[in-house]
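Visitor: I would like to learn how to read a structure feature by feature, beginning with its open spaces and ending with its backbone. Could you take me through one in that way?

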Amino acid sequence: MKFRSMLAALLAVIFMICGVAMAETADPIEITIWHTFTDDQQVALQGFADAFNESQDQYEVIVQSQAYSGFEDTVYNAVANGVGPNIIFNYASTAADYIEGDLVVDMSQYINEDPEMQEIYDSLPEAIKAETVGFIDGGMYALPAVTTGPIFFYNKTIYDEMGFSAPTTWEELAEQAKAIYETYGIPGFAADSLTDLMTMLIMQSGNEYIDMENKCVLFDTESTREWLQWFGDNVQAGYFGLRPTGDYWSDDFNAKLVASYSGSCAGVPYIVPDGFEYDVAPLPNTITTAWYPSWNRGPIVFNQGEEANRGAYEFVKFFLQPDNNAQWAIAMNAISPYGTTQEQSEVYQEFAAEMPASLAAVQANLDAAGALPTISGSYAVREALEEAATMVAGGMSVEDALANCVATSNAAMQG
C-alpha cells in the first residue's frame with residue numbers, strides 16, 4: 001500500500017510536469033487583424049503586432065492586408081459566417097451593424113475590471129466617450145485610436161485679393177462664395193461630404209438626430225428645411241459646387257476650379273496648388289449650438305470565443321498605451337483623443353508641439369465635438385441626408401426631399 005501511495009504521488013508529479021510542458025509548448029492563440037492601410041500605416045501596424053507578440057507567448061497577432069474596394073461587405077460576410085478577423089479598424093457606425101447577431105464584443109466587460117485600461121478610457125473627452133457607448137443597448141462596441149475631422153481648405157491668393165479671411169460663420173462663407181463667383185466665375189465653396197455638411201448644419205441649429213427607442217430621425221424640422229434650401233439655392237446660383245470632377249474636391253481645388261472646400265484633414269498630401277497659395281482653417285462650429293463631427297476611428301473586436309476575445313482585448317490595450325498610441329497618431333497624421341497619450345507620451349508632445357496646420361484646425365473644434373447615436377441603419381441615414389441635399393440642389397422641393405429622407409431613414413432603422 002505504501003508503494004502504491006508513493007507511485008500515485010510520483011505519477012501525479014509526472015502528470016503535473018507534463019501538463020506544464022504541454023502548456024508551455026502549446027501553440028499561441030491567433031488574433032487576426034484585417035485592414036486596408038498602406039505605406040507607413042501598414043508598417044506601423046505590423047510593428048505593433050510584432051512588439052505585442054514578443055511581449056508575451058499566449059497570443060499571436062497576425063496582420064492581413066485586404067482590398068479596399070468592398071472591404072466592409074467582405075468583413076461582414078466573413079464575420080457572419082464565423083471565418084472573419086478578430087479585429088478591424090473603423091468607426092462606431094460600422095460596429096452597429098454587428099450587434100444584433102452578437103457578432104461584436106462589448107469591450108466594457110474587460111475595461112471595467114482593468115484599472116490601467118480604465119484610466120486610459122476615462123481620459124477621453126466626454127463627447128467621444130458618449131460615442132463609444134452610443135449604441136442601442138449601451139454596450140461599448142468601438143474604441144477610438146485617433147481623431148480626425150473636416151477642415152476648411154481655401155485659395156489664399158484669391159482670399160487675399162478679395163480682402164477675405166477664413167469665414168467663421170456659414171452665412172459669411174456663403175457671402176464670400178457669392179463674391180468669388182461674381183469676380184472669378186468659379187464656385188466659392190464645395191463640400192467633399194454633403195452628409196457631414198448637412199449634419200453640422202442640423203446639429204448646430206439645435207436639432208436632435210435619432211430617437212433610439214423608436215428608431216426614427218428627429219431632424220424633420222423647420223431649421224433643417226431652411227438650411228437645405230440655403231444649400232440648394234447656393235448651388236443653383238453657382239456659388240457652391242455640387243459634384244467634383246473626380247472623387248474629391250482636391251483636384252478641382254488644385255486646378256482653381258473651386259476657391260474653397262470642406263474636406264478631411266488627411267487630404268493635405270493631395271493639395272498641389274497650380275500657381276497659387278493655399279491655407280487651412282477650422283470650419284464654423286456654431287449656429288445656435290456648438291457642434292463638430294470629429295471622426296474617431298479605432299479597433300472593433302468581433303466575437304470569436306472567450307479566449308480569442310480576451311487576446312484581442314489584450315492587443316487593443318497594448319495598442320492604446322500612450323507611446324504606442326502616439327506612434328499610431330503620427331503614422332495616421334491624426335490627433336490622439338486620449339489624455340493619457342497627450343500627458344504621458346513625450347513622443348506625442350513633440351509631435352503636438354509642431355502639429356501641422358491641418359490638425360490644428362481639427363484641434364480648434366474639438367471642444368465642440370459631438371457624438372451621434374449609433375444604430376443599425378444609421379449609415380442609411382447618412383446616405384439619405386446626402387441624397388436630400390443633392391435633390392434640393394437639383395430643383396426638388398425641400399418638403400419632398402426631406403420627406404423622402406425621413407421615410408428612407410426610418411425604414412432603414414426599423415427594417
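**Reading the structure step by step**

Guide: Let us begin with a pocket, keeping in mind that this is a predicted model. The lining of the second largest pocket divides into 7 nonpolar, 3 polar and 2 charged residues, and the volume of this pocket is about 200 Å³.

Visitor: Which residues line the second largest pocket?

Guide: Its lining consists of A96, I99, E100, F135, I136, K215, T374, I375, S376, A412, M413 and G415.

Visitor: And how many cavities of 30 Å³ or more are there?

Guide: The count comes to 1 cavity of 30 Å³ or more, and the volume of the largest cavity is about 60 Å³. Its lining is made up of N90, Y91, A92, I128, E131, T132, A142, L143, P144, N296, R297 and G298, and the elements that contribute two or more residues to that lining are α7 (126-132) and β11 (295-301). By character, the lining residues of the largest cavity divide into 6 nonpolar, 4 polar and 2 charged.

Visitor: N296 is among the residues that line this cavity, so to speak a good one to follow; is N296 buried or exposed?

Guide: N296, which is found in strand β11, counts as buried because its relative accessible area is 6%, and the cut-off for buried is under 20%. The side chain of N296 makes a polar contact of 2.8 Å with the side chain of E131, and another, of 2.7 Å, with the side chain of T147. Setting aside residues up to four places away in sequence, N296 touches N90, Y91, I128, E131, P144, V146 and T147.

Visitor: How should I compare that with other asparagines, and where is N365 found?

Guide: N365 is found in the loop between α17 (357-363) and α18 (378-393), and N365 is buried, with a relative accessible area of 3%. A polar atom of the N365 side chain lies 3.1 Å from the backbone oxygen of L283. Apart from neighbours within four places in sequence, N365 is in contact with P282, L283, N285 and Y292. N333 is also in a loop, the one between α14 (322-332) and α15 (339-344), but N333 counts as partly exposed because its relative accessibility is 24%. With neighbours within four places in sequence left aside, N333 is in contact with C265, P356, S358 and L359.

Visitor: How do I read a sheet, and which strands stand at the edges?

Guide: The general idea is that strands of a sheet pair through backbone hydrogen bonds, either parallel or antiparallel. In this structure an open sheet of 4 strands has the order β6-β9-β5-β10, with mixed pairing. The strands at its edges are β6 (190-191) and β10 (278-281), and each has a single partner strand, so one side of each is left without a neighbour in the sheet. Strand β5 (residues 150-155) and β10 run antiparallel and are joined by 4 bridges, and N155 stands opposite Y278 in β10.

Visitor: Turning to helices, how many residues of helix α10 are buried?

Guide: In general, an α-helix has 3.6 residues a turn, so residues three or four places apart point the same way. In helix α10 (residues 194-204), 11 of the 11 residues are buried, so this helix is largely enclosed by the rest of the structure. Among the elements that cover the buried residues of α10 are β5, α9 (170-184), β6, α11 (222-236), β11 and α18. Just after α10, G206 takes a positive phi of about 90°.

Visitor: What should I make of phi, and which residues have a positive phi although they are not glycines?

Guide: As a rule, most residues other than glycine have a negative phi, and most peptide bonds are trans. D39 has a positive phi of about 55° although it is not a glycine; D39 lies in helix α2 (residues 39-55) and is exposed, with a relative accessible area of 58%. K256 likewise is not a glycine and has a positive phi, of about 60°. The place of K256 is in the loop between α12 (250-254) and β9 (260-264), and K256 is partly exposed, with a relative accessible area of 39%.

Key
Residues are numbered from 1 along each chain as its sequence is written. This is a predicted model: local features need pLDDT of at least 70, side-chain atom pairs count only at pLDDT 80 or more; totals for chains, interfaces and linings use all residues. Side-chain values use heavy atoms; hydrogens and water are left out. Buried means under 20% relative accessible area, exposed over 50%, partly exposed in between (1.4 Å probe, protein chains only). Contact means heavy atoms within 4.5 Å. A polar contact is a pair of N or O atoms within 3.5 Å; within protein, one must be able to donate a hydrogen and the other to accept it, and residues adjacent in sequence count only if both atoms are side-chain atoms. On a 1 Å grid over the protein atoms alone, a cavity is a set of points where a 1.4 Å probe fits but cannot get out, and a pocket is an open set with protein on both sides within 12 Å along at least five of seven lines; lining residues have an atom within 4 Å of a point. Grid points are joined across faces, edges and corners, and a volume is the space filled by probe spheres set on the points. Ala, Val, Leu, Ile, Met, Phe, Trp, Tyr, Cys and Pro count as nonpolar, Asp, Glu, Lys and Arg as charged, and the others, Gly among them, as polar. Two strands pair if DSSP finds at least two bridges between them.
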